[in-house]
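Reader: Hey, got a minute to walk me through the side-chain contacts in this one? Let's pull it up first.

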Amino acid sequence: MTTSQPAVAIPLSGPGFQQSSAELYAEMRRSHGPVAPVLLDGDVPAWLVIGYRELQYVVTNPETFGRDSRRWNAWDRVPPDWPLLPLLAHQPTMMFAEGAEHRRRSEALDEALGAVDQFDLGARAQQVADRLIDAFAGSGEADLITQYADGVPLPVVTRMIGVPEAETADLVHDVYQTHAAGEGANEAYARVRDKVRNLVAARRRDPGPDVTSRLLAHPAGLADEEITEDLLHLMNAGQLPTAYWIGNTLRLMLTDDRFAMTLSGGRRSVGQALNEVLWEDTPTQNFPGRFAAHDLQLGGSRIRKGDLLILGLAAANQDPLVRPVPQASTGNQAYLSFSHGEHRCPYAAQEIAKVIAEAAIEVLLDRLPDVSLSVPAEELAWRPSPLFRGLAALPVRFTPTA
């Protein structure tokens, strides 16, 4: 293996990183510039691209920075139980596809998602949100992460792709069990795959007004297994970042006077709060990866062929070269929170996530207008992840309702 990782590589983990990741990114920038050497779990080396312009360069030059992880020169450092393996091991999804193959599949998904009725989507999100609130509204207290934000996106997404109402609960349960990565996770994932494969077969026989049917009918001529893999990826990508977006926005609105959570003031500021979170506390902080096609220089660092580059989306959003005044640009949408270039999150998927998140927050404002934190804001803790930023819990109190 050949890499150019120096001894001063910074671990992308630990309590300090979780609680004060912005400070760590700023220190990386001071010490290393726009491309910093980092260590992933097990001291596996990588580069974190934290410069806004450098990150844009990486994601808009796929010939130089490929998406196929089989190029990686550090596979000999990766144990079989490595926690990041599910995100980096090559899979037959469009996420790892390149060139014409990626364009064929991504264009089909873009168009299938773009045809989603956002009015119906919002109504479904409101129904899910109401049902979750019904379960704790009478108690006067709740954890808005585990009891609310975590539970909103996936039931909406599964119905969007065409899962029948009667099968939604079982599928959602299995996906959650897969994410928990505990005992039974592998069996749960096998059940999820089988259910999605059966959904694709059923929709090929009997199409409906859903994403799966539109993928099957697309001129790209996608195979059933291709659609199965891309739907699995869509469900995973639609759950965690959207749930964290909801939770991080609720935190902002509960802790910042500019976004006071009241019925009169909160509704007007939901969109602004969602946008600010994407700049300041984006759910997807760092995303793997890109793999250098040849030796090169990037941001003053010497990158070797096959080196892994992690997209530092959160750090790039804070780059002082493009944002010299913090929070000054939160009104625009030039953030890199959904990445950029051909492998970005599809524009239609971004809109779908926003509809779900906005509906979840507005329903909460309507139902629990006096909700407030039940612990000091400084006691809120973040879940341990080098890639995502989401709260472990958001305990609140409110006037109980029937």
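Author: Sure. One cut-off to start with: a charge sits over a ring if NZ of Lys or CZ of Arg is within 6 Å of the ring centre and within 35 degrees of the ring normal. Also keep in mind that this is a predicted model.

Reader: OK, so which residue lies over the face of Trp382?

Author: That's Arg389, at 3.7 Å from the ring centre.

Reader: And what lies over the face of Phe96?

Author: Arg67 does, and there the distance to the ring centre is 4.8 Å.

Reader: Switching to salt bridges. How many are there?

Author: The count comes to 26 salt bridges. One of them joins the side chains of Arg104 and Glu226, with 2.4 Å from N to O.

Reader: Where do Arg104 and Glu226 lie?

Author: Arg104 is in helix α5, residues 99–114, while Glu226 is in helix α11, residues 224–255. They are 122 residues apart in sequence, so the salt bridge ties together distant stretches of the numbering.

Reader: Is Glu226 buried or exposed?

Author: Glu226 counts as buried, at 16% relative accessibility. Its partner Arg104 is partly exposed, with a relative accessible area of 25%.

Reader: Which residues are in the salt-bridge network with those two?

Author: Glu101, Arg105 and Asp230 are linked with Arg104 and Glu226 in a network of salt bridges.

Reader: Nice. What does Asp281 form a salt bridge with?

Author: With Arg251, where the closest N and O atoms are 3.3 Å apart. That pair also links distant parts of the chain: Asp281 is in the loop between α12 (263–280) and β6 (286–292), Arg251 is in helix α11, and they are 30 residues apart.

Reader: How accessible are Asp281 and Arg251?

Author: Asp281 has 14% relative accessibility and counts as buried. Arg251, at 24%, counts as partly exposed.

Reader: And what about Glu165, which residue does it pair with?

Author: Glu165 forms a salt bridge with Arg159, and the closest N and O atoms are 3.2 Å apart. Glu165 is partly exposed with a relative accessible area of 46%, and Arg159 is partly exposed too, at 31%.

Reader: Now rings. How many aromatic pairs are there?

Author: The count is 10 aromatic pairs. Among them are Phe136 and Phe398, whose ring centres are 6.1 Å apart.

Reader: Why is that pair called tilted?

Author: The planes of Phe136 and Phe398 are at 55°, so the pair is tilted. An angle over 60 would have made a pair edge-to-face, and one under 30 degrees stacked.

Reader: Where do these two Phe residues lie in the chain?

Author: Phe136 lies in helix α6 (residues 118–136) and Phe398 in the segment after β11 (395–397), so the pair ties together parts 262 residues apart in sequence. Phe136 and Phe398 are both buried.

Reader: What kind of pair do Trp245 and Phe338 form?

Author: An edge-to-face one, at 6.0 Å centre to centre with 70° between the planes. Trp245 is in helix α11 and Phe338 in the loop between α13 (313–317) and α14 (347–367), 93 residues apart.

Reader: Buried or exposed, for Trp245 and Phe338?

Author: Trp245 counts as buried at 4% relative accessibility. Phe338 counts as buried as well, at 15%.

Reader: Last one: which residues do ring pairs link into a cluster?

Author: Trp72, Trp75, Trp82 and Phe291.

Note on methods. Residues are numbered from 1 along each chain as its sequence is written. This is a predicted model: local features need pLDDT of at least 70, side-chain atom pairs count only at pLDDT 80 or more; totals for chains, interfaces and linings use all residues. Side-chain values use heavy atoms; hydrogens and water are left out. A salt bridge is a side-chain nitrogen of Lys or Arg within 4 Å of a carboxyl oxygen of Asp or Glu. Helices (H or I, at least four residues) and strands (E, at least two) are DSSP runs, numbered from the N terminus. Buried means under 20% relative accessible area, exposed over 50%, partly exposed in between (1.4 Å probe, protein chains only). Rings of Phe, Tyr and Trp (its six-membered ring) pair if their centres lie within 6.5 Å; planes under 30 degrees apart count as stacked, over 60 as edge-to-face and the rest as tilted.
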